Amino acid sequence: MSQVAAGDLATQAERVTAYAIENPTIVVAALLALLVVSGLAVAVYRYLTRTPADRLMSVLGRYDEVAVLMHPNPDPDAMSSALAVSQLASAVDTETTLCYPGEIRRPENRAFETVLDLDFERIETAGDIAANHVVLVDHNEARGFPGASDIDPVAVVDHHPGGGTGRQFTDVRTHTGACATIFAEYFQARDWGFYDVDTALTDGGVETAEVPEDALPSHVATGLIYGIQSDTRSLTNGCSSDDFAAAAYLYEGIDGDLLNRIANPQIDAEVLDVKARAITERVVDPPFAYSDVGEVSNTDAIPQAADELETLEGISAVVVVGECDGTLRIAGRSRDDRVHIGRAIESVVESIPMGEGGGHARMGGGQIPVEYMAGIGPSDGITREDLREHVFDAMAGER
């Protein structure tokens, strides 16, 4: 640095010092303002760069208690996701009640609940939900019980198509194969590890003398990885790289014995009967198949029959229907890149009053009240034979 430049800097410094001595209040105020602005900038940066896990936990921490609502007849993906919310809520001292409408009937679903000794509450109406604040998992709009349309959730975490949102938090990722994948990412983003617990649990709780903070017990990790496996058919159908990454993360924390017991339950005799009827009563219009299995008492047998029928050689997409308690239940499966089975089912039922349908490219479902099929309300009705032909047309892209 030249002598002239050094002299200029010295002069400037003397002037600043003199100004500070003469105007201490202004200088102090300026410094304080600079600190406030810097602090606000840091706060805004931290707010904008929060992970979804951080934001969900912030929402959960605002309440003393939340209800975690699963969809009707919850599967392992829904149940493990509810369990995950309970873990996140516990970390911010928020109580949870895990609830569902409908029934838990499918063998693997019952095994999941029993083996992990989970404490779920079955509800019949919206009034049965104890907490005032609701979190939806594995669906984005409450359905299937009186008062469902009035529920305004504070948070929604899901992987299904739909327009439902949470008032304070929404994370819907239709590209992932399972909702459990999203929660696994939450735990991994917060650097949660794992710890083993005694499999003799009590009401879904963990009784250990020393429970590590920010860590997943082995039964939760096991539940999440099975939720991913069940919704992606063991990472072979409708999954993304996120699902593989989540499974790799969870693998370190699973209990192999629990996983085996959930994955290999005894099979209900009716399920075998319904599968047999689906095969013997099938109608094939290559490469598609349709089967009406008639009356069933266990509605979970219908999607299992669809799984079975899809394995038949030469069949790339199937729909199985069955009737239970005055409602025709629909389950569809597709291995055909030309057939988005969720949209196909939706197109079939959308013109039928009170009909519901939709789902993913590979897996879909729906239901139609039988009385509306008969023509009640603003409809001419539709026969079971017409329904079958409409399904074939939809799978062929003609609806």
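**Figure 1. Crossing of helices α6 and α7 in the predicted model.** Helix α6 passes helix α7 in a left-handed crossing. The contact involves A180, T181, F183 and F187 on the α6 side, and L224, G227 and I228 on the α7 side. By class, five of these residues are nonpolar and two are polar, with no charged residue in the contact of α6 with α7. The axes of α6 (residues 179-189) and α7 come within 8 Å and cross at roughly 140 degrees.

**Figure 2. Packing of helix α4 on helix α7.** The axes of α4 (residues 76-91) and α7 lie 8 Å apart, at an angle of about 145 degrees. This crossing, too, is left-handed. From α4, the residues P76, D77, S80, L83, A84 and Q87 take part; they meet H219, V220, G223, L224, Y226, G227, S230 and D231 of α7. The contact of α4 with α7 contains six nonpolar, six polar and two charged residues. L224 and G227 of α7 appear in the contact with α4 and also in the contact with α6.

**Figure 3. Surroundings of T222 in helix α7.** T222 belongs to α7, which spans residues 218-231. Its relative accessibility is 0%, so T222 counts as buried. A polar atom of the T222 side chain lies 2.7 Å from the backbone oxygen of S218. Apart from residues up to four places away in sequence, T222 touches I254, D255, L258, L259 and I262.

**Figure 4. Helix α11 and the elements that its buried residues pack against.** Eight of the 10 residues of α11 are buried, and the helix is mostly covered. The buried residues are A301, I302, P303, Q304, A305, A306, L309 and E310. They pack against two helices, α5 (107-115) and α10 (269-280), and against the strands β10 (288-295), β11 (317-324) and β12 (327-334).

**Figure 5. A305 within helix α11.** A305 lies in α11, which covers residues 301-310. With a relative accessibility of 1%, A305 counts as buried because the cut-off for that class is under 20%. Leaving aside neighbours within four places in sequence, A305 is in contact with V274, K275, A278 and V320. V319 is 14 residues away from A305 along the chain, and the C-alpha atoms of the two are separated by 9.4 Å.

**Figure 6. S291 in strand β10 and its contacts.** S291 is a residue of β10 and counts as buried, at 0% relative accessibility. The side chain of S291 reaches the backbone oxygen of A278 at 2.8 Å. Beyond neighbours within four places in sequence, S291 is in contact with R277, A278, E281, R282, L309, V319, V320 and V321. S291 and V320 are 29 residues apart in sequence, with their C-alpha atoms 4.8 Å apart. A278 and V320 are also among the contacts of A305.

**Figure 7. The whole chain, for orientation.** The protein chain has 14 helices and 14 strands. Of its 399 residues, 45% count as buried. The chain exposes about 19500 Å², of which carbon and sulfur atoms supply 49%. Among contacts between residues at least 6 apart in sequence, 61% join residues at least 24 apart.

Conventions. Residues numbered from 1 in each chain as written. Predicted model: local features only at pLDDT ≥ 70, side-chain atom pairs only at ≥ 80, totals over all residues. Heavy atoms only, no water. Helix = DSSP H or I, 4+ residues; strand = E, 2+ residues; numbered from the N terminus. Buried < 20%, exposed > 50% of the residue type's maximum accessible area, 1.4 Å probe, protein only. Contact = heavy atoms within 4.5 Å. Polar contact = N/O pair within 3.5 Å; in protein donor to acceptor, adjacent residues only side chain to side chain. Areas by Shrake-Rupley, 256 points an atom, 1.4 Å probe, with all protein chains shown as cover. Axes fitted to C-alpha atoms, helices over the stretch in contact; angles between N-to-C directions. Left-handed = near helix turned anticlockwise from the far one by under 90°. Nonpolar A, V, L, I, M, F, W, Y, C, P; charged D, E, K, R; others polar.
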